[in-house]
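Visitor: Please take me through one small part of this structure up close. Then work outward from there, step by step.

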Amino acid sequence: MINKKINIIGNGCAALSLARLIRNLPNYKLNLFIGDKNKINKDHFWGFWKVKVNNEAYNNANHTWSKWSINTYETKHILTSVRHPYCVIKRHKWLDICRNQLESEKLKVFKNNVVENDDKLLTKNKKIKGDLIFDSRPPKLPSNVLLQHFEGFVVNSDKDVFDENLAILMDFRCDQSKGMHFIYMLPFSKRKALVESTMFSKTVENKEFYSTEISKYLKKYYNLIKFTKSDHEKGIIPMHYISNESKNTYNIGTRGGAVRPSSGYAFTFIQKQAFQIISQLKNREKINTKIHNNIDLFLDKIFINVISEYPFLAPKIFSSLARILNGDEMAKFMSGNASLLTTCKIIISMPKIPFIKSFFYVVYRK
Ligand SMILES: Cc1cc2nc3c(=O)[nH]c(=O)nc-3n(C[C@H](O)[C@H](O)[C@H](O)COP(=O)(O)OP(=O)(O)OC[C@H]3O[C@@H](n4cnc5c(N)ncnc54)[C@H](O)[C@@H]3O)c2cc1C
């Protein structure tokens, strides 16, 4: 009888999403190295489109919308999908759901930080031993790359202003002078919405920039001046593929290249990665944590180069995307499940010259 010892490093989305599925393996022991930084992991929302791999998160979602829109000064495209609604779940809620599925008699939790020394992973100066090590510690971030940076909060109003049936995924009617910029707004009721100011650029702005942009937007488009703020959230996500290779370990989550470089979405890809690993373990196959296909990664590189060089084209690019795709197609595309037809439709709809120039830049670079 094989009794595998599986080590998982981390206490976040990738570590616990994988740990919760380990119970599906016949014989195992699980060591979870959660580190000592856990109190600083603030709560926030994870947004995703419902697809097979995130069904459990969908069933526990804090809110779902089957309509979402992409707005520019000139256009407003509303997309609908009943099959693949846009959903959010709070970080702490999802992590608790995962924790509740761990089998305590097979689990050991270590609360010390894991450190690297000469390619060995150590905790309390002892080498981590076992058949398999999955590592989700945050990776070192590359410098001078395009970043997705955002700040926002939940807005509480004392009058009815929001349409709770419509999520606004991107509204470009805001300051475009510092790079690609949009407002992301998820209304939970007529009086309560998560509102974030999000930028794709190489420089993070000061705190005031994001909150001023949100206030200006709420005043101009919702005539909302008086409101209270709660549940602040902010983040910086590199729009760059992080290679998932490592010598003695398998990297997962952000460290394992799960973040989709062109969008910053990772939740669904982390779930896919977890299911993929479990299936490989069950079938005694070689473990491969790579989750994005090469075509998607190549197209993402071209897209990122276009946004870096021509950020003013962003509203046009995203409104074209929303015009030519229906809700199901967009949801699948954003979840890494686009058909060849959808990919071709997207390529054809993009502004030709910047994309062709970026194609050659990506192909001939180095
Ligand atoms: C604010 C924010 C909002 C986001 N929103 C979305 C979204 O809406 N949709 C989406 O798809 N993606 C979103 N993302 C991107 C992505 O889903 C998240 O970053 C996700 O948490 C990545 O999971 P992870 O497990 O790789 O990293 P994390 O969840 O950050 O987990 C890393 C873990 O490693 C632990 N750790 C660190 N150092 C050590 C050490 N030395 N030893 C042991 N453990 C250690 C940490 O304590 C933590 O538990 C968002 C990211 C941020 C930052």
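Guide: Start with one pair of residues, Thr123 and Lys126. Lys126 belongs to strand 11, and Thr123 stands opposite it. Keep in mind that this is a predicted model. Strand 10 covers residues 120–123, and two bridges join it to strand 11. These two strands run antiparallel.

Now look at the turn of the chain. Lys124 sits in the loop between strand 10 and strand 11. Its backbone is worth a glance. Most residues other than glycine have a negative phi. Lys124 is not a glycine, yet its phi is positive, about 50°. Is Lys124 buried or exposed? Count the neighbours: 10 other C-beta atoms lie within 10 Å of Lys124. The cut-off for exposed is 12 or fewer. Lys124 therefore counts as exposed.

Step back to the whole sheet. It is open and has three strands, in the order 9-10-11. The pairing is antiparallel. Strand 9 (114–117) and strand 11 (126–127) are the edges. Each has a single partner strand, so one side of each is left without a neighbour in the sheet.

Follow strand 9 next. Val114 lies in it. With 19 other C-beta atoms within 10 Å, Val114 is partly exposed. Buried would take 20 or more. What does Val114 touch, apart from its neighbours within four places in sequence? Its contacts are Ile9, Phe33, Gly35, Leu121, Thr123, Ile128 and Arg137. So our starting residue Thr123 is on that list, as is Gly35. Val114 and Gly35 are 79 residues apart in sequence. In space, their C-alpha atoms are 6.5 Å apart.

Gly35 leads us to the ligand. There are 32 residues around the ligand, and Gly12, Ala14, Gly35, Gly235 and Gly253 come nearest. Four elements give two or more residues each to this shell: helix 1 (13–21), strand 3 (45–49), strand 17 (228–238) and helix 5 (267–282). Strand 3 gives the largest share, four residues. Sorted by class, the shell has 16 nonpolar, 13 polar and three charged residues.

Pause at strand 17. Asp231 lies in it. Asp231 is another residue other than glycine with a positive phi, near 50°. It has 16 other C-beta atoms within 10 Å, which makes it partly exposed.

Where does the ligand lie? Domain 1 (4–64 + 91–138 + 240–282) and domain 2 (147–238) both give residues to the shell, so the ligand lies between them. The chain also has domain 3 (294–364). The C-alpha centres of domain 1 and domain 3 lie 30 Å apart. The contact between these two takes 10 residues from domain 1 and nine residues from domain 3. On the domain 1 side, six are nonpolar, three polar and one charged.

Visit helix 8 (residues 327–334) now. It is mostly covered, with six of its eight residues buried. They are Gly327, Glu329, Met330, Ala331, Phe333 and Met334. What covers them includes strand 3, strand 6 and helix 9. Strand 3 is the one we met at the ligand, where it gives four residues. After helix 8 comes Gly336, with a positive phi near 80°.

Helix 7 (residues 314–324) has its own buried residues. They are Ala314, Pro315, Ile317, Phe318, Ser319, Leu321 and Ala322. They pack against four strands and two helices: strand 5 (67–71), strand 6 (76–80), strand 14 (166–171), strand 15 (180–187), helix 6 (294–309) and helix 9 (340–349). Strand 6 and helix 9 also help to cover helix 8.

Finish with the whole chain. It has 10 helices and 18 strands. Its radius of gyration is 21 Å, close to the 21 Å that the globule rule gives for 366 residues, so the chain is as compact as a globular protein of that length. Along its principal axes, the C-alpha trace spans about 65 × 55 × 40 Å. Of the 366 residues, 40% count as buried. Take contacts between residues at least 6 apart in sequence: 73% of them join residues at least 24 apart. Val114 and Gly35, 79 residues apart in sequence, are one example of a pair with such a separation.

Terms used
Residues numbered from 1 in each chain as written. Predicted model: local features only at pLDDT ≥ 70, side-chain atom pairs only at ≥ 80, totals over all residues. Pairing = 2+ DSSP bridges. Contact = placed C-beta atoms within 7 Å. Rg over C-alpha atoms; globule rule 2.2 N^0.38 Å. Near = placed C-beta within 6 Å. Nonpolar A, V, L, I, M, F, W, Y, C, P; charged D, E, K, R; others polar. Domains from an automatic or database assignment.
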